[in-house]
Amino acid sequence: MLMRFTDVETQLDAANRKAGQQELIRQARAPMPVKLAKEATRRAIERSFAMPLKAAGLDARVVVFFPDERPTEDWDRSRRPEDVVANKW
């Protein structure tokens, strides 16, 4: 009777949907799904960049890392645009 004369069904659906979404988010943030997602992303990006380079005849090795996995070396050796154009260090 309540469902027929009130919006309790709509409220229950909304509450259940919200609880379900929160549970899915909690599960997705667990260490194992995050690790699996990172590895799948890493492989996909490595392949996407390496294939065209290899097709062009370059023996390329592409290594992907996430910001929280940054190597200890300083990889950023930015140059001024005019030095890049002049091919100077």
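## A charged pair and its surroundings

Let's start with one side chain: Lys38 has its charged end over the ring of Phe66, at 5.0 Å from the ring's centre. Keep in mind as you look at this spot that the model is predicted.

Lys38 has another partner too. Its side chain meets that of Glu69 in a salt bridge, with 4.0 Å from N to O. This pair ties together distant parts of the chain: Lys38 belongs to helix H3, Glu69 to the loop between H3 and H4, and their positions lie 31 residues apart in the count along the chain. How well covered are the two? Lys38 is partly exposed, because its relative accessibility is 22%, and Glu69 is partly exposed as well, because its value is 30%.

The story doesn't stop at two residues. Lys38, Glu39, Arg42, Asp68 and Glu69 are joined in a network of salt bridges. As a bit of background, side chains of opposite charge can pair when their charged atoms come close.

**Two arginines to compare**

Arg42, one member of that network, is placed in helix H3. Is Arg42 buried or exposed? It counts as buried, because its relative accessibility is 13%, and the cut-off for buried is under 20%. And what does Arg42 touch, once its neighbours within four places in sequence are left aside? The contacts are Val64, Phe65, Phe66 and Glu69. Two of those names should ring a bell: Phe66 is the ring under the charged end of Lys38, and Glu69 is the salt-bridge partner of Lys38.

Now look at Arg61, which is found in the loop between H3 and helix H4 (81-86). Arg61 counts as exposed, because its relative accessibility is 75%, and the cut-off for exposed is over 50%. The C-alpha atom of Arg61 is 9.2 Å from that of Phe49, and the two residues are 12 apart along the chain.

**More salt bridges**

How many salt bridges does a search of the whole structure find? It finds seven. Here are three of them, including the one you've already met:

| Pair | Closest N to O distance |
|---|---|
| Arg26 and Glu23 | 2.6 Å |
| Glu82 and Arg80 | 3.3 Å |
| Lys38 and Glu69 | 4.0 Å |

Why are Arg26 and Glu23 about one helical turn from each other? They are three residues apart in helix H2 (residues 8-28), so about one helical turn separates them. Arg26 is exposed, because its relative accessible area is 52%, while Glu23 is partly exposed, because its relative accessibility is 32%.

For the pair in the middle row, Glu82 counts as partly exposed because of its 46% relative accessibility. Arg80 counts as partly exposed because its value is 48%.

What about aromatic pairs, and how many turn up in the whole structure? The search finds zero.

**Stepping back**

Time to zoom out. The protein chain contains four helices and zero strands, so to speak in order from the N terminus, its elements read α-α-α-α. Of its 89 residues, 6% are buried, and Arg42 is one that counts as buried. The accessible surface of the chain adds up to about 8300 Å², and carbon and sulfur atoms account for 58% of that.

**How far to trust it**

The predictor's confidence in the protein chain averages a pLDDT of 85, with 87% of the residues at 70 or more. Where is confidence lowest, and where is it highest? The lowest mean, 64, belongs to helix H1 (residues 2-5), and the highest, 93, to helix H3 (residues 31-55). Helix H3 is also home to Arg42. Where pLDDT is low, the predicted coordinates should not be read in detail.

Notes. Residues are numbered from 1 along each chain as its sequence is written. This is a predicted model: local features need pLDDT of at least 70, side-chain atom pairs count only at pLDDT 80 or more; totals for chains, interfaces and linings use all residues. Side-chain values use heavy atoms; hydrogens and water are left out. pLDDT is the predictor's confidence in each residue, from 0 to 100. Helices (H or I, at least four residues) and strands (E, at least two) are DSSP runs, numbered from the N terminus. Buried means under 20% relative accessible area, exposed over 50%, partly exposed in between (1.4 Å probe, protein chains only). Contact means heavy atoms within 4.5 Å. Accessible areas come from the Shrake-Rupley method with a 1.4 Å probe; for residues, only the protein chains shown count as cover. Rings of Phe, Tyr and Trp (its six-membered ring) pair if their centres lie within 6.5 Å; planes under 30 degrees apart count as stacked, over 60 as edge-to-face and the rest as tilted. A charge sits over a ring if NZ of Lys or CZ of Arg is within 6 Å of the ring centre and within 35 degrees of the ring normal.
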